[in-house]
Amino acid sequence: LGYSQFLSELAKQEILPLPILGATFKKLITLIGDSAKLSDKKVLVEEYTDCLMRMTRIFKGRTTSFSKRSREMILPIFMIFYDEFKANKEAFVSCSPKCGFILMEIHDILRG
């Protein structure tokens with residue numbers, strides 16, 4: 001959580017390069033997707049989704065060029081996972097209702 005908070009602050013100041021931001025989001029999304037399909041990973045999945053939320057929250061209501069480009073880069077990566085999650089929730093056994101709501105909020109923020 002601390003590392004994601006640090007990266008969020010760098011992105012908020014618009015000093016984190018977009019490729020690094022995109023790679024970090026992609027890694028977190030992959031970890032969430034893989035871990036959520038395992039039966040005993042609820043705590044881990046909640047921590048990953050909290051990290052993703054911290055990093056996404058900085059884009060809420062922001063209209064700078066950096067924020068727009070970031071959302072445009074991250075949204076397609078997120079949507080691949082999110083569409084699979086919505087279509088097959090029962091496969092994501094370690095995704096708690098809390099995680100589901102966080103993912104919906106991330107979706108809304110990224111959609112702008």
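## Helix 2 against helix 4

The axes of helix 2 (residues 18–36) and helix 4 (residues 65–87) cross at roughly 25° and come within 10 Å of each other. That angle makes helix 2 roughly parallel to helix 4, because angles under 35 degrees count as roughly parallel. The crossing in which helix 2 passes helix 4 is right-handed. The model described here is a predicted one.

On the side of helix 2, the contact is made by Leu18, Leu21, Gly22, Phe25, Lys26, Ile29, Ile32 and Gly33. These residues meet Phe66, Arg69, Ser70, Met73, Ile74, Ile77, Phe78 and Phe81 of helix 4. Sorted by class, the contact of helix 2 with helix 4 has 11 nonpolar, 3 polar and 2 charged residues.

## Helix 2 against helix 3

Helix 2 also packs against helix 3, which covers residues 42–57. The axes of helix 2 and helix 3 come within 9 Å and cross at roughly 155°. The two helices are therefore roughly antiparallel to each other, since an angle over 145 degrees is counted in that way. Their crossing is left-handed.

Helix 2 contributes Leu21, Thr24, Phe25, Leu28, Ile29, Leu31, Ile32, Ser35 and Ala36 to this contact. Helix 3 meets them with Leu44, Val45, Tyr48, Thr49, Cys51, Leu52, Met55 and Thr56. The residues of the contact of helix 2 with helix 3 divide into 13 nonpolar, 4 polar and no charged.

Leu21, Phe25, Ile29 and Ile32 of helix 2 appear in the contact with helix 4 and also in the contact with helix 3.

## Thr49 in helix 3

Is Thr49 of helix 3 buried or exposed? Thr49 has a relative accessible area of 0% and is therefore buried, as the limit for a buried residue is under 20%. Leaving aside neighbours within four places in sequence, Thr49 is in contact with Ile32, Cys99, Ile102, Leu103 and Ile106. Of these partners, Ile32 belongs to helix 2, while Leu103 and Ile106 belong to helix 5.

## Helix 4 against helix 5

The axes of helix 4 and helix 5 come within 10 Å and cross at roughly 145°. Helix 4 passes helix 5 in a left-handed crossing. From helix 4, the residues involved are Arg71, Ile74, Leu75, Phe78, Met79, Phe81, Tyr82 and Phe85. From helix 5, they are Gly100, Leu103, Met104, Ile106, His107, Ile109, Leu110 and Arg111.

By class, the contact of helix 4 with helix 5 has 12 nonpolar, 2 polar and 2 charged residues. Ile74, Phe78 and Phe81 of helix 4 meet helix 5 and are also listed in the contact with helix 2.

## Aromatic residues

The count of aromatic pairs comes to 6. Which arrangement do the rings of Phe81 and Phe92 adopt? Their centres are 5.7 Å apart and their planes stand at 85°, so the pair is edge-to-face; planes over 60 degrees apart count as such. The pair links distant parts of the chain, 11 residues apart: Phe81 is in helix 4, whereas Phe92 is in the loop between helix 4 and helix 5 (97–111).

Phe81 is buried, with a relative accessible area of 6%, and Phe92 is likewise buried, at 2%. Phe81 and Phe92 belong to one aromatic cluster together with Phe78, Tyr82 and Phe85. In this cluster, Phe78, Phe81, Tyr82 and Phe85 also take part in the contact of helix 4 with helix 5.

## The loop between helix 1 and helix 2

Glu14 lies in the loop between helix 1 and helix 2. Most residues other than glycine have a negative phi. The phi of Glu14, in contrast, is near 60°, a positive value. Glu14 is partly exposed, with a relative accessible area of 34%.

Ile15 lies in the loop between helix 1 (2–12) and helix 2 as well. Ile15 is exposed, as its relative accessible area is 56%. Ile15 and Phe66 are 51 residues apart in sequence, and their C-alpha atoms are 9.5 Å apart in space. Phe66 is one of the helix 4 residues that meet helix 2.

## Val43 in helix 3

Val43 lies in helix 3 and, at 67% relative accessibility, counts as exposed. The C-alpha atoms of Val43 and Ser94 are separated by 8.2 Å, although the two residues are 51 residues apart along the chain.

Terms used
Residues are numbered from 1 along each chain as its sequence is written. This is a predicted model: local features need pLDDT of at least 70, side-chain atom pairs count only at pLDDT 80 or more; totals for chains, interfaces and linings use all residues. Side-chain values use heavy atoms; hydrogens and water are left out. Axes are lines fitted to C-alpha atoms, for helices over the stretch in contact, and angles run from 0 to 180 degrees between N-to-C directions. Angles under 35 degrees count as roughly parallel, over 145 as roughly antiparallel, 65 to 115 as roughly perpendicular and the rest as oblique. A crossing is left-handed if the near helix is turned anticlockwise from the far one by less than a right angle, and right-handed if clockwise. Contact means heavy atoms within 4.5 Å. Ala, Val, Leu, Ile, Met, Phe, Trp, Tyr, Cys and Pro count as nonpolar, Asp, Glu, Lys and Arg as charged, and the others, Gly among them, as polar. Rings of Phe, Tyr and Trp (its six-membered ring) pair if their centres lie within 6.5 Å; planes under 30 degrees apart count as stacked, over 60 as edge-to-face and the rest as tilted. Buried means under 20% relative accessible area, exposed over 50%, partly exposed in between (1.4 Å probe, protein chains only).
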